[in-house]
Amino acid sequence: MAQLKVIKTDEQTVLKNGRKVYATVSYNKNPDFKWILWLKTGIALSGYNTETEAIERANKMLSDWNEVINNAINL
């Protein structure tokens, strides 16, 4: 399973797939949203209780996408 590289800055955590930015994780002061996973495509997934949960979700999404691509190639 490919893991995203985690780079922490003061305001957010950047998740990179190789040299490309895959997503960022940031904290929202609104208690309903908590931690937000911002995908590079502009889509935001929110409501994660911890930063680690958001990072795990991004890794799972990347793994699932790679599996779909591999299955399509092997048809």
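Select W35 first. W35 touches V25, S26, Y27, L45, S46, G47, Y48, N49, T50 and E51, leaving aside residues up to four places away in sequence. This residue belongs to strand 4. Now add V25 to the selection: V25 and W35 are 10 residues apart in sequence, and their C-alpha atoms are 6.8 Å apart in space. Keep in mind during the tour that the model is predicted.

**The whole chain**

Zoom out and colour by secondary structure. The chain has one helix and five strands. Starting at the N terminus, the elements follow the order β-β-β-β-β-α. A box of roughly 45 × 25 × 20 Å, taken along the principal axes, holds the C-alpha atoms of the chain. Of the 75 residues in the chain, 27% are buried. With the surface switched on, the chain exposes about 5500 Å², and carbon and sulfur atoms supply 53% of that area. Among the contacts with a separation of 6 or more, 23% are between residues 24 or more positions apart.

**E51, at the start of the helix**

Return to W35 and move to E51, one of the residues it touches. E51 lies in helix 1, which covers residues 51-73. Is E51 buried or exposed? Its relative accessibility is 15%, so E51 counts as buried, the cut-off being under 20%. Apart from residues up to four places away in sequence, E51 touches K8, T13, V25 and W35.

Show the side chains of K8 and E51 together. They meet in a salt bridge, with 3.0 Å from N to O. This pair links distant parts of the chain, since K8 is in strand 1 and E51 is in helix 1, 43 residues apart. K8 has a relative accessible area of 56% and is therefore exposed, the cut-off being over 50%. The bridge thus has a buried partner in E51 and an exposed partner in K8.

**Along helix 1**

Select residues 51-73, the full helix. How far apart are the end C-alpha atoms of helix 1? They are 34 Å apart; the 23 residues, at 1.5 Å a residue, should span 33 Å, so the two values agree.

Next, pick out the buried residues of the helix: E51, A54, I55, A58, N59 and L62. The buried residues of helix 1 pack against strand 1 (5-8), strand 2 (12-17), strand 3, strand 4 and strand 5 (44-48). Selecting those strands along with the helix shows both sides of this packing.

**The nonpolar core**

Select L4, L15, Y22, A23, V25, L37 and A58. These residues have the most contacts inside the largest nonpolar core, which has 13 residues. Strand 3 (20-27), strand 4 (35-39) and helix 1 are the elements that give two or more residues to this core. Which element provides the largest share of the core? Helix 1 does, with four residues. In soluble globular proteins, nonpolar side chains tend to be buried together.

Centre the view on A58. Not counting residues up to four places away in sequence, A58 touches L4, L15, Y22 and L37. V25, also in the core list, is a residue already met as a contact of W35 and of E51.

**The second salt bridge**

By the rule used here, the chain has two salt bridges. One has been visited; for the other, select K60 and D64. The closest N and O atoms of this pair are 2.9 Å apart. Both residues lie in helix 1, four residues apart, about one turn of the helix. D64 is partly exposed, with a relative accessible area of 31%. K60 is partly exposed too, at 45%.

**A nonpolar patch on the surface**

Turn the surface back on and select W65, V68, I69 and I73. Together they form a nonpolar patch with about 420 Å² of accessible area. W65 lies in helix 1. Its relative accessibility is 52%, and W65 therefore counts as exposed.

**Last stop: K34**

Go to the loop between strand 3 and strand 4, where K34 is located. What is the phi of K34? It is positive, about 50 degrees, although K34 is not a glycine. Most residues other than glycine have a negative phi. At 30% relative accessibility, K34 counts as partly exposed.

Note on methods. Residues are numbered from 1 along each chain as its sequence is written. This is a predicted model: local features need pLDDT of at least 70, side-chain atom pairs count only at pLDDT 80 or more; totals for chains, interfaces and linings use all residues. Side-chain values use heavy atoms; hydrogens and water are left out. Buried means under 20% relative accessible area, exposed over 50%, partly exposed in between (1.4 Å probe, protein chains only). Contact means heavy atoms within 4.5 Å. Patches are made of residues with over 30% relative accessible area and no salt bridge: like charges are joined within 9 Å, nonpolar side chains (Val, Leu, Ile, Met, Phe, Trp, Tyr) within 5 Å. Accessible areas come from the Shrake-Rupley method with a 1.4 Å probe; for residues, only the protein chains shown count as cover. A salt bridge is a side-chain nitrogen of Lys or Arg within 4 Å of a carboxyl oxygen of Asp or Glu. A nonpolar core is a set of buried Ala, Val, Leu, Ile, Met, Phe, Trp, Tyr and Cys residues joined through side-chain atoms within 4.5 Å. The expected span of a helix is 1.5 Å times one less than its number of residues.
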